[in-house]
Amino acid sequence: QVQLVESGGGLVQAGGSLRLSCATSGSSFSMPVMGWFRQAPGKEREFVAAIRWSGGVTYYADSVKGRFTISRDNAKNTVYLQMNSLKPEDTAVYYCAADRDPKYSGTYSYRGRYDYWGQGTQVTVSS
């Protein structure tokens, strides 16, 4: 069984930085696409960033573009989300997601494409 475990969340001051990690276990191969989503209180889960297995193709939500960077280390079965210049509106539970289908042609932001999800890690940005 595949499991995704997020870590690295916490409390940070506005303008600060934080790095999230997502470790994948139970899979004999690296997931072709890995993504990050977040959900703030009272809001729906929204797309943050995604990356393909090679690491050469990334995609970001407009709200985080230029501030967040997604990367992955396939040897460690881990994907990262480096978050800089954090704002209070970035406060949310951040979820890691994995898509095992290398042929899926849908958009990265579509929640339904992802087959596995982590339990989430809380990120709180204070001002």
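Is Gly35 buried or exposed? In this predicted model, Gly35 has a relative accessibility of 0% and therefore counts as buried, the cut-off for that label being under 20%. Gly35 is part of strand β4. Leaving aside neighbours within four places in sequence, Gly35 is in contact with Ala49, Ala50, Tyr95, Cys96, Ala97 and Tyr114. One of these partners, Tyr95, lies 60 residues away along the chain, yet the C-alpha atoms of Gly35 and Tyr95 are separated by 8.3 Å.

With this residue as a starting point, the whole chain can be described. The chain contains 11 strands and zero helices, so that its radius of gyration of 14 Å can be set beside the 14 Å that the globule rule gives for 127 residues: the two are close, and the chain is therefore as compact as a globular protein of that length. Along the principal axes, the C-alpha trace spans about 40 × 25 × 25 Å. Of the 127 residues, 40% are buried. The accessible surface comes to about 6600 Å², and carbon and sulfur atoms account for 46% of that area. Contacts across the sequence can be counted too: among those between residues at least 6 apart, 59% join residues at least 24 apart.

Next comes the interior. The largest nonpolar core has 34 residues, and those with the most contacts inside it are Met34, Trp36, Leu81, Met83 and Tyr94. Two or more residues of this core come from each of the elements β3 (18-25), β4 (33-39), β5 (46-52), β7 (68-73), β8 (78-83), β9 (92-99) and β11 (121-126). Tyr94 makes a good example to look up in the structure. Not counting residues up to four places away in sequence, Tyr94 touches a list of residues that includes Leu20, Trp36, Phe37, Val48, Phe68, Leu81, Met83 and Val123. Glu6, Arg38, Gly120 and Thr121 are also among the residues that Tyr94 touches.

A covalent link can be found as well. In general, a disulfide is a covalent bond between the sulfur atoms of two cysteines. A search of the whole structure finds one disulfide, and this bond joins Cys22 to Cys96 with an S to S distance of 2.0 Å. The angle about the S-S bond is -85 degrees, and the link is left-handed. Because Cys22 lies in strand β3 and Cys96 in strand β9, the pair ties together parts that are 74 residues apart in sequence. How accessible are the two partners? Cys22 counts as buried at 0% relative accessibility, and Cys96 is also buried, with a relative accessible area of 0%.

Strand β3, home of Cys22, also pairs with other strands. Five bridges join β3 to strand β1 (residues 3-7), and these two strands run antiparallel. Within this pairing, Gln3 stands opposite Ser25 in β3. Strand β3 is joined to β8 by six bridges, again in an antiparallel arrangement, with Ser21 opposite Tyr80 in β8. Thr24 is another residue found in strand β3. With a relative accessible area of 13%, Thr24 is buried. Setting aside residues up to four places away in sequence, Thr24 touches Val2, Gln3, Leu4, Met34 and Asn77. Among these, Met34 is one of the residues with the most contacts inside the largest nonpolar core.

Technical notes: Residues are numbered from 1 along each chain as its sequence is written. This is a predicted model: local features need pLDDT of at least 70, side-chain atom pairs count only at pLDDT 80 or more; totals for chains, interfaces and linings use all residues. Side-chain values use heavy atoms; hydrogens and water are left out. A nonpolar core is a set of buried Ala, Val, Leu, Ile, Met, Phe, Trp, Tyr and Cys residues joined through side-chain atoms within 4.5 Å. Buried means under 20% relative accessible area, exposed over 50%, partly exposed in between (1.4 Å probe, protein chains only). Helices (H or I, at least four residues) and strands (E, at least two) are DSSP runs, numbered from the N terminus. Contact means heavy atoms within 4.5 Å. A disulfide is a pair of cysteine sulfur atoms within 2.5 Å. The radius of gyration is taken over C-alpha atoms; the globule rule is 2.2 Å times the number of residues to the power 0.38. Accessible areas come from the Shrake-Rupley method with a 1.4 Å probe; for residues, only the protein chains shown count as cover. Two strands pair if DSSP finds at least two bridges between them.
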